[in-house]
Amino acid sequence: MRLLTTTWGTIAIASCCWAVTPARAEAPREQVQMVPGFADFLAVDGKTVWATNVGRVERWSRHGKRAEVALAHPCGAMAIAFKSLWVADCKQRTLNRIDLKTAKITATIATGIANPKGELNVVAGAGSIWVASEEGGAIARVDPATNGVIASIHANPGSYYLAFGLGALWAVSGTQQSVQKIDPATNSVVATTALGREPGFLVAGEGAVWVQEQGDGTVARIDPASGAVSGRVKVDETLKYGDIDAGGGKVWLRTTAGQTFVVIDPVTLAIKARVGAAAGSGALRYTRAGVWTTAHDAHTLSWWGKPGKIGG
């Protein structure tokens, strides 16, 4: 590892470590930035990324911090839509809208927050913003034109984890071990599927919905038409507690043991690569130019270049 000193601070540059060595043209490089506090959940904003931290959200580029916005307790995965960052506040139990250009809060919406411990998603889709608002299973639908709640969808209790894609809102309940498909046209559940132990974060993309079954160490592939499980891949003993994204013809899984993240083929369900050293819990977001990861216990934000080379 070598250190690069810039006007923004010190950046560590390191070649990544591979837990397995599948055929590849070139290994990715990891660029590491030290982030004081507890950098965790991520949202991609062009060439920059927003991260939740203690008492604030921060915007980072590959060259350092660009902005920060104070919040009581920002929590969970965030969404970027309608020229805004949408982030939950687990202390105030609100959904907050932040203007991307000015880095100022423009709306504070009293939606309620279903899981004040912070494991949840804010997502965008069908012209709305969605957040799990009550422990009993309510999901609030917010209209960005008015910043008001326009519907409350009833789902299984404990439905904290959301994703939007492939024509539907998807809600995972860890306590009920289920994923539910919600039709945004009717604001109603149209399919419910049983999952493995302690399901958590999910993503809709690359032709399917992908759910971390954290207690089983597996990723389940859900058919978007039927809502049924169409396959599983065993990754580790457990997956507590990581993150997941999809793009570039691959599924990207942030893990907590053995490596930083895993790359999965969405068609064959083969593990194409295990990338980086184990870095504890954190988040991951894919872009066409590279992959962002956090490791909150190590106080780092990493950029992994050339994602098309990772996993062949």
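Q: Which cysteines form a disulfide here, and how far apart are their sulfur atoms?
A: In this predicted model, the disulfide is formed by Cys75 and Cys90, with their sulfur atoms 2.1 Å apart. The count comes to one disulfide.

Q: What is the handedness of that disulfide?
A: The disulfide of Cys75 and Cys90 is right-handed, because the torsion about its S-S bond is about 90°.

Q: And which parts does the pair tie together?
A: Cys75 belongs to strand S8 (residues 74–81), whereas Cys90 sits in the loop between strand S9 (84–89) and strand S10 (94–99), so the pair links parts that are 15 residues apart in sequence.

Q: Are those two cysteines buried or exposed?
A: Cys75 counts as buried at 3% relative accessibility, and Cys90 counts as buried at 5%.

Q: Let's stay with S9: how many of its residues are buried?
A: Six of the six residues of S9 are buried, so the strand is largely enclosed by the rest of the structure.

Q: Which of them point which way?
A: Ser84, Trp86 and Ala88 point one way from S9, while Leu85, Val87 and Asp89 point the other way, and all are buried. As a general matter, side chains in a regular strand alternate between the two faces of the sheet.

Q: How many bridges does S9 have with S8, and how many with S10?
A: S8 and S9 pair in the antiparallel sense over five bridges, with Ala79 standing opposite Trp86 in S9. S9 and S10 also run antiparallel and are joined by six bridges, and there Ser84 has Asp99 in S10 as its bridge partner.

Q: What do the turns on either side look like, in terms of residues between the strands and phi?
A: The hairpin of S8 and S9 has two residues between the strands, and Phe82 takes a positive phi near 55° in that hairpin. The hairpin of S9 and S10 has four residues between its strands, and Arg93 in the turn has a positive phi of about 55°. Arg93 counts as partly exposed, at 42% relative accessibility.

Q: Where else is there a backbone oddity to look at, say around Ala103 or Tyr241?
A: Most residues other than glycine have a negative phi, and most peptide bonds are trans. Ala103 has a positive phi near 55°; this residue is found in the loop between S10 and strand S11 (105–109), and Ala103 is buried with a relative accessible area of 16%. The peptide bond from Lys240 to Tyr241 is cis, with omega near -10°, and Tyr241 lies in the loop between strand S23 (229–234) and strand S24 (243–247).

Q: S24 came up just now, so what is the strand order in its sheet?
A: The order is S24-S25-S26-S27, in an open sheet of four strands with antiparallel pairing. S24 and strand S27 (271–275) stand at the edges with a single partner strand each, so one side of each is left without a neighbour in the sheet. The twist averages 15° from one strand to the next.

Q: And in the middle, how many bridges pair S25 with S26?
A: Strand S25 (residues 250–254) and strand S26 (residues 261–264) pair in the antiparallel sense over four bridges, and the bridge partner of Arg254 in S26 is Phe261.

Q: Last one, what does the side chain of Ser173 reach?
A: The side chain of Ser173 reaches the backbone oxygen of Pro157 at 2.6 Å. Ser173 is placed in strand S17 (residues 168–173) and counts as buried at 0% relative accessibility. Leaving aside residues up to four places away in sequence, Ser173 touches several residues, including Asn156, Gly158, Ser178 and Pro199.

Conventions
Residues are numbered from 1 along each chain as its sequence is written. This is a predicted model: local features need pLDDT of at least 70, side-chain atom pairs count only at pLDDT 80 or more; totals for chains, interfaces and linings use all residues. Side-chain values use heavy atoms; hydrogens and water are left out. A disulfide is a pair of cysteine sulfur atoms within 2.5 Å. Buried means under 20% relative accessible area, exposed over 50%, partly exposed in between (1.4 Å probe, protein chains only). A polar contact is a pair of N or O atoms within 3.5 Å; within protein, one must be able to donate a hydrogen and the other to accept it, and residues adjacent in sequence count only if both atoms are side-chain atoms. Contact means heavy atoms within 4.5 Å. Two strands pair if DSSP finds at least two bridges between them. Axes are lines fitted to C-alpha atoms, for helices over the stretch in contact, and angles run from 0 to 180 degrees between N-to-C directions.
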